[in-house]
Amino acid sequence: MQIAQNSVVAFHYTLTNDAGEVLDSSEGREPLTYLHGSGNIIPGLEKELEGRENGEKLQVTVTPEEGYGENQPALVQEVPRDAFQGVESVEPGMQFQAQTQGGPLMVTVTSVEGDTVTVDGNHPLAGQKLNFDVKIAEVREATEEEVEHGHVHGEGGHQH
């Protein structure tokens, strides 16, 4: 069966940056499972998996535009330390959910200088070209319920 709209796909992957550093991998874990065509994975990778079959191996390079987007300088802001009430120590690398006019946004602390904390709302991989080594482990038709809900159920998927 070929990967197409409403296929359930399970695949193993290793994600590296342009320097060859491993950023993420399914090695030693279950494969990543998603519902094809529902926006469950980044668009560039989903597009490259279209039409592929179980057992295929491929290398995919995804541009920032089809990955996590370009780095947006407007999402980097300085906020007062007292915005982190109840947090004893704010350190670079910590992540928080900020409430914005557009809704909740995950931000990462990039620096702390005195009473000023710099946070970045960009995805950590924004602006980066992403290199995937992929091996497709399974392709099957989605159930009606999976299509209706927009995600995979059962093993490797969402549990209701």
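The legends below describe close-up views of one predicted model.

In this predicted model, local features need pLDDT of at least 70 and side-chain atom pairs count only at pLDDT 80 or more, while totals for chains, interfaces and linings use all residues. Residues are numbered from 1 along each chain as its sequence is written, and side-chain values use heavy atoms, with hydrogens and water left out.

**View 1. Confidence along the chain, given as pLDDT.**
The mean pLDDT of the chain is 93, and 96% of the residues score at least 70; pLDDT is the predictor's confidence in each residue, on a scale from 0 to 100. Among the elements of the chain, strand β4 (residues 57–62) has the highest mean pLDDT, at 98, and strand β6 (residues 95–100) the lowest, at 90. Elements are DSSP runs numbered from the N terminus, with helices (H or I) of at least four residues and strands (E) of at least two.

**View 2. The open sheet of four strands.**
The strands stand in the order β5-β8-β7-β6, and their pairing is antiparallel; two strands are taken to pair if DSSP finds at least two bridges between them. β5 (76–80) and β6 stand at the edges with a single partner strand each, so one side of each is left without a neighbour in the sheet. From one strand to the next the twist averages 45°, where axes are lines fitted to C-alpha atoms (for helices, over the stretch in contact) and angles between N-to-C directions run from 0 to 180 degrees. Strands of a sheet pair through backbone hydrogen bonds, either parallel or antiparallel.

**View 3. The hairpins on either side of β7.**
β6 and β7 run antiparallel and are joined by six bridges, forming a hairpin with two residues between them. Within this pairing, Gln-99 has Pro-104 in β7 as its bridge partner. Strand β7 (residues 103–113) also pairs with β8 in the antiparallel sense, here over five bridges, and Val-112 stands opposite Val-117 in β8. The hairpin of β7 and β8 likewise has two residues between the strands, and in this hairpin Gly-114 takes a positive phi near 60°.

**View 4. A salt bridge between two loops, Lys-129 and Asp-18.**
The side chains of Lys-129 and Asp-18 meet in a salt bridge at 3.6 Å, N to O; the term covers a side-chain nitrogen of Lys or Arg within 4 Å of a carboxyl oxygen of Asp or Glu. Lys-129 lies in the loop between β8 (116–120) and β9 (130–141), whereas Asp-18 lies in the loop between β1 (7–16) and β2 (22–25), so the pair ties together parts that are 111 residues apart in sequence. Lys-129 is partly exposed at 37% relative accessibility, while Asp-18 is exposed at 53%; buried means under 20% relative accessible area, exposed over 50% and partly exposed in between, with a 1.4 Å probe and protein chains only.

**View 5. Two further salt bridges, Arg-29 with Asp-24 and Glu-56 with Arg-52.**
The structure holds five salt bridges, including the two in this view. The closest N and O atoms of Arg-29 and Asp-24 are 3.7 Å apart, and those of Glu-56 and Arg-52 are 3.2 Å apart. Arg-29 is partly exposed at 46%, as is Asp-24 at 31%. In the other pair, Glu-56 is partly exposed at 26% and Arg-52 is partly exposed at 25%.

**View 6. The surroundings of Asn-122, in the loop between β8 and β9.**
Asn-122 is buried, with 7% relative accessibility. Its side chain makes a polar contact of 2.7 Å with the side chain of Asn-71 and reaches the backbone nitrogen of Gln-72 at 2.8 Å. A polar contact is a pair of N or O atoms within 3.5 Å; within protein, one must be able to donate a hydrogen and the other to accept it, and residues adjacent in sequence count only if both atoms are side-chain atoms. Leaving aside neighbours within four places in sequence, Asn-122 is in contact (heavy atoms within 4.5 Å) with Glu-70, Asn-71, Gln-72, Leu-75 and Val-76.

**View 7. Ser-26 and its polar contact with His-12.**
Ser-26 lies in the loop between β2 and β3 (32–35) and is buried at 1% relative accessibility. The side chains of Ser-26 and His-12 make a polar contact at 3.0 Å. Apart from neighbours within four places in sequence, Ser-26 is in contact with Phe-11, His-12 and Tyr-13.
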